[in-house]
Each structure stands twice: as structure tokens, then as C-alpha cells.
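Q: I'm new to this structure and would like a close look at one part of it. Please take it slowly and link that part to what surrounds it.

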Amino acid sequence: MTLPRQSSLRTAAAVLAFAALPAPAFAETTDERRQRGDAVVRSLNHGQSQPVLEEMRREFPFLADATEAYALGDVWSRPGLDDRTRQLAAVAAFASLGLTPFVKVHAGYALNVGVSEEELKEVVYMITVPAGFPRAIAASQTLSELFAERRAAAMGDGRATP
């Protein structure tokens, strides 16, 4: 009958010993992660902030900060893929999911980092297989709109839009 008590004492001692250890220091603060996320956006967007993110920040600051710190600061800034590949993958994923506002943003970034319109069109053709024609058609309409906006901007003031 003393065995359960000895086990409890050992557990309590382990908990106290663990609690006495210094707290681990985190390598990065949320602000550092957000700064890295901001740098990712600016590198993809000709030095500009992301208007969609900034608008979200006004109404939903926590969501904007979390997006900037995690999605951009932690995931998007990983070294495993170059910007072209990352943007092509993002366009394909968002197009396959039918998330055309995100298709437009990331296709704009893709164009900014040297992906051609023809390459983006190939992504649309590719998603017909896993995602179907309706999603590919929706993505094609979004890309057509983006291409037209960029051509108009290039003729107007020489700058491309995100």
C-alpha cells in the first residue's frame, strides 16, 4: 500500500524539479516574426505592403498579426523553395480550392518575381485534373482580370499592381 504513495511523492518531486528549471528562451519574438513576414510581403510586392493584409489589420488586427507572423514570417520565409516555385504552388493550391481572391494576390506576386503569364496559364490548365473545370475556369477569369489590370497600369503610369 505504500507503493502508490511513493509514486505520488516521486511525481511531486519531478514536478517541483521541473518547475525550478529556468524557462526556455524563445529564439524569436512575435514582433520579430511579424517583421520577417512584412519583409516577405515587401520583397514580393515591389517594396509595398499588402493592401488586403493592411485592410484586415484595421478590422481584425489579431488575424492580420497572426497571418503576418506565422503564414509569412514562419512558413513563407522558409528556405526550402525559391519565390517563383512558392508562388506557383500557392496559385495552384488557391485555384484548386476555388479561392480566387488569393489566386489574384499570389499570381500578382508570381508576376512580380518573374513568372510569366504563360506559366500561370499552365497552372490553370493543370488544375483541371485535380480540381475540375469549374475551378479552373474561375481561376482563368481571375487571371484575365489581373492581366488586364496590369496592362492598363503599365500603360497609365508604368507601374504594375500587386
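Which helix does R135 lie in?

A: R135 lies in helix α8. Keep in mind as we go that this is a predicted model.

Let's start with R135 itself. With 37% relative accessibility, R135 counts as partly exposed, because that class runs between the 20% limit for buried and the 50% limit for exposed. If you skip the neighbours within four places in sequence, R135 is in contact with A95, S96, L97, G98 and I127. Another residue to look at is V124: R135 and V124 sit 11 residues apart in sequence, and their C-alpha atoms are 8.7 Å apart in space.

Now for the helix around it. α8 covers residues 133–156, and the chain as a whole has 8 helices and 0 strands. Reading along the sequence, you just get α-α-α-α-α-α-α-α. S140 is also found in helix α8. S140 has 28% relative accessibility, so it counts as partly exposed. The C-alpha atoms of S140 and L120 are separated by 9.2 Å, with their positions 20 residues apart along the chain.

L120 is a good way into the core. The largest nonpolar core has 28 residues, and L120 and L143 are the members that touch the most others. Several elements give two or more residues to this core, namely α2 (30–44), α4, α5 (83–97), α6, α7 and α8. Of these, α6 gives the most, with 6 residues. As background, nonpolar side chains in soluble globular proteins tend to be buried together. Setting aside the neighbours within four places in sequence, L120 is in contact with L88, V91, A107, A110, L111, V115, L143 and F147. So you'll find L143, the other leading core member, on that contact list too.

A short stop at α7, which spans residues 117–131. E122 lies in that helix, and at 46% relative accessibility E122 counts as partly exposed. Measuring from C-alpha to C-alpha, E122 is 9.8 Å from A92, even though 30 residues separate them in sequence.Next comes α6, which covers residues 100–112. H106 lies in this helix and, at 9% relative accessibility, counts as buried. Not counting residues up to four places away in sequence, H106 touches W76, Q87, A90, V91 and F94. V91 is also on the contact list of L120.

F94 brings us to the rings. The structure holds 1 aromatic pair. The ring centres of F94 and F102 are 5.1 Å apart and the planes are at 25 degrees, so the pair is stacked. The two partners fall into separate accessibility classes: F94 counts as buried at 19% relative accessibility, whereas F102 counts as partly exposed at 43%.

F102 and H106 also turn up at the largest pocket. That pocket has a volume of about 360 Å³ and is lined by 15 residues, with Q50, T67, F102, V105 and H106 lying nearest its centre. At least two lining residues come from each of α3 (51–59), α4 (61–76) and α6. α6 gives the most to this lining, with 5 residues. By class, the lining has 12 nonpolar, 3 polar and no charged residues.

One last detail is in the loop between α2 and α3, where H46 is found. Most residues other than glycine have a negative phi. H46 is not a glycine, yet it has a positive phi of about 55 degrees. At 52% relative accessibility, H46 counts as exposed.

Finally, two values for the whole chain. Buried residues make up 28% of the 162 residues. Of the contacts with a separation of 6 or more, 60% are between residues 24 or more positions apart.

How values were computed. Residues numbered from 1 in each chain as written. Predicted model: local features only at pLDDT ≥ 70, side-chain atom pairs only at ≥ 80, totals over all residues. Heavy atoms only, no water. 1 Å grid on protein atoms, 1.4 Å probe; cavity = no way out; pocket = protein on both sides within 12 Å on 5 of 7 lines; lining within 4 Å. Points joined across faces, edges and corners; volume = space filled by probe spheres on them. Helix = DSSP H or I, 4+ residues; strand = E, 2+ residues; numbered from the N terminus. Nonpolar A, V, L, I, M, F, W, Y, C, P; charged D, E, K, R; others polar. Phe/Tyr/Trp six-rings, centres within 6.5 Å; stacked < 30°, edge-to-face > 60°. Buried < 20%, exposed > 50% of the residue type's maximum accessible area, 1.4 Å probe, protein only. Contact = heavy atoms within 4.5 Å. Core = buried A, V, L, I, M, F, W, Y, C linked by side-chain atoms within 4.5 Å.
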